[in-house]
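Thanks for coming. I will take one structure and go through it in parts: a sheet, some helices and a pocket. Please have a look at the sequence and the model before I start.

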Amino acid sequence: MQTIDRAMQVIKVLAGSDTKRWFAISELSKECGLPVSTLHRLLQSMKQHGLIQQDSDSKFYSMGNAWLEYGLQMYDTFDFVGLIRPEMEKLMKIVEESVYFSKPNGLESMIVERIDCPNNPIRIYDQLGIRIPLNIGAANKVMLAHMPQKEAISNVYSLVTEDEREAFLKLLREIRKQGYGESHGERTPGTSSVAAPIFNHQNELIGAISIGYVDLNVTEERKSLLIEKVIEYGLRISEKLGAK
């Protein structure tokens with residue numbers, strides 16, 4: 001029982017910061033009130049089970065992927081999915097494109113839901129569970145733009161080179177103001193996406209909904225429709241989750 005209590009102390013520290021994602025063992029020792037030698041043995045055991053991960057260069061620790069994997073296994077047991085998936089399906093039928101729901105995870109995002117259009121023979125296929133750096137793609141930029149400022153800036157400084165940061169931060173301010181993000185050919189040439197943020201009942205950012213499409217013969221009128229609809233459904237989903 002003592003081992004479980006200590007492990008949960010570690011997890012609470014790793015998960016408890018809005019801006020800090022990686023911790024040195026000395027920091028964890030101080031926060032948890034445990035000797036470094038005791039903590040080292042505990043961390044090695046937790047790492048074997050995927051509960052934490054360790055950066056090979058800095059040797060710092062952060063939350064492990066096991067938490068997300070277990071969370072996704074429970075995903076369908078919550079009304080959360082029952083609220084989001086039907087709206088994604090409605091949006092897919094209107095725009096006849098693939099619709100995605102992404103969640104932030106440290107310096108990356110993960111696609112946790114995708115609704116494909118069966119009537120569209122040309123589609124973008126992004127695999128569920130794929131990890132994408134937060135500075136790439138419409139969904140990720142819109143999430144960065146709507147994160148708490150300190151967290152967003154910390155992530156940008158970790159992901160974006162110094163000579164590009166000012167322009168990138170300006171872009172994030174524009175995305176936040178307009179309420180949607182765009183991406184053109186960043187991951188796959190000839191493809192684009194538009195995205196809007198999703199918030200929960202505490203008005204906290206929980207993810208983004210996005211529409212992926214192939215650029216071939218897409219008119220400005222069509223692109224305007226996709227932007228209009230992704231904003232509309234981002235708001236609809238947020239309202240269903242209790243956002244105000």
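Which residue in β8 is the bridge partner of Tyr100? It is Ser210. Keep in mind that this is a predicted model.

Let me put that pair in its setting. Strand β3 covers residues 98-105 and strand β8 covers residues 205-214; the two run antiparallel and are joined by 5 bridges. Strand β3 is also joined to strand β4, residues 108-115, by 7 bridges, and this pair too is antiparallel. Two positions show how β3 and β4 line up: Val99 is opposite Ile115, and Ser102 is opposite Ile111.

Now the link between those two strands. β3 and β4 make a hairpin, with 2 residues between them. In the turn, Gly106 has a positive phi, about 70 degrees.

A general point for anyone new to this: strands in a sheet pair through backbone hydrogen bonds, and the pairing is either parallel or antiparallel. Here the sheet is open and has 6 strands, in the order β5-β4-β3-β8-β7-β6, and the pairing is antiparallel. Why do β5 and β6 each have one side without a neighbour in the sheet? Strands β5 (131-133) and β6 (181-184) stand at the edges and each has a single partner strand, so one side is left free of a neighbour. From one strand to the next, the twist averages 30 degrees.

A helix goes over this sheet. Helix α6 lies across β3, β4, β5, β6, β7 and β8, and runs at about 35 degrees to β7, which is residues 191-199.

Next, the helices at the start of the chain. Two packed helices are described by the angle between their axes and the distance between the axes. Take α2, residues 25-32, and α3, residues 36-48: the angle is about 110 degrees and the axes are 10 Å apart. That angle makes α2 roughly perpendicular to α3. On the α2 side the contact has Ile25, Leu28 and Ser29, and they meet Val36, Leu39, His40 and Leu43 of α3. Sorted by class, this contact has 5 nonpolar residues, 2 polar ones and no charged ones.

Helix α3 also packs with α1, residues 2-15. Their axes come within 11 Å and cross at roughly 85 degrees, which means that α1 is roughly perpendicular to α3. From α1 the contact takes Thr3, Arg6, Ala7, Val10 and Ile11, and from α3 it takes Thr38, Leu39, Leu42, Leu43 and Met46. The classes here are 7 nonpolar, 2 polar and 1 charged.

Last, a pocket. The second largest pocket holds about 230 Å³ of space. Its lining consists of Leu144, Ala145, Met147, Gln149, Ala152, Ile153, Leu169, Leu172, Arg173 and Arg176. Three elements each give two or more residues to that lining: α6 (138-146), α7 (149-159) and α8 (162-178). Which of them gives the most? That is α8, with 4 residues. Divided by class, the lining has 7 nonpolar, 1 polar and 2 charged residues.

One thing to take back to your own screen: α6, the helix that lies across the sheet strands, is also among the elements lining this pocket. That is all I have.

Note on methods:
Residues numbered from 1 in each chain as written. Predicted model: local features only at pLDDT ≥ 70, side-chain atom pairs only at ≥ 80, totals over all residues. Heavy atoms only, no water. Pairing = 2+ DSSP bridges. 1 Å grid on protein atoms, 1.4 Å probe; cavity = no way out; pocket = protein on both sides within 12 Å on 5 of 7 lines; lining within 4 Å. Points joined across faces, edges and corners; volume = space filled by probe spheres on them. Nonpolar A, V, L, I, M, F, W, Y, C, P; charged D, E, K, R; others polar. Axes fitted to C-alpha atoms, helices over the stretch in contact; angles between N-to-C directions. Contact = heavy atoms within 4.5 Å. Parallel < 35°, antiparallel > 145°, perpendicular 65-115°, else oblique.
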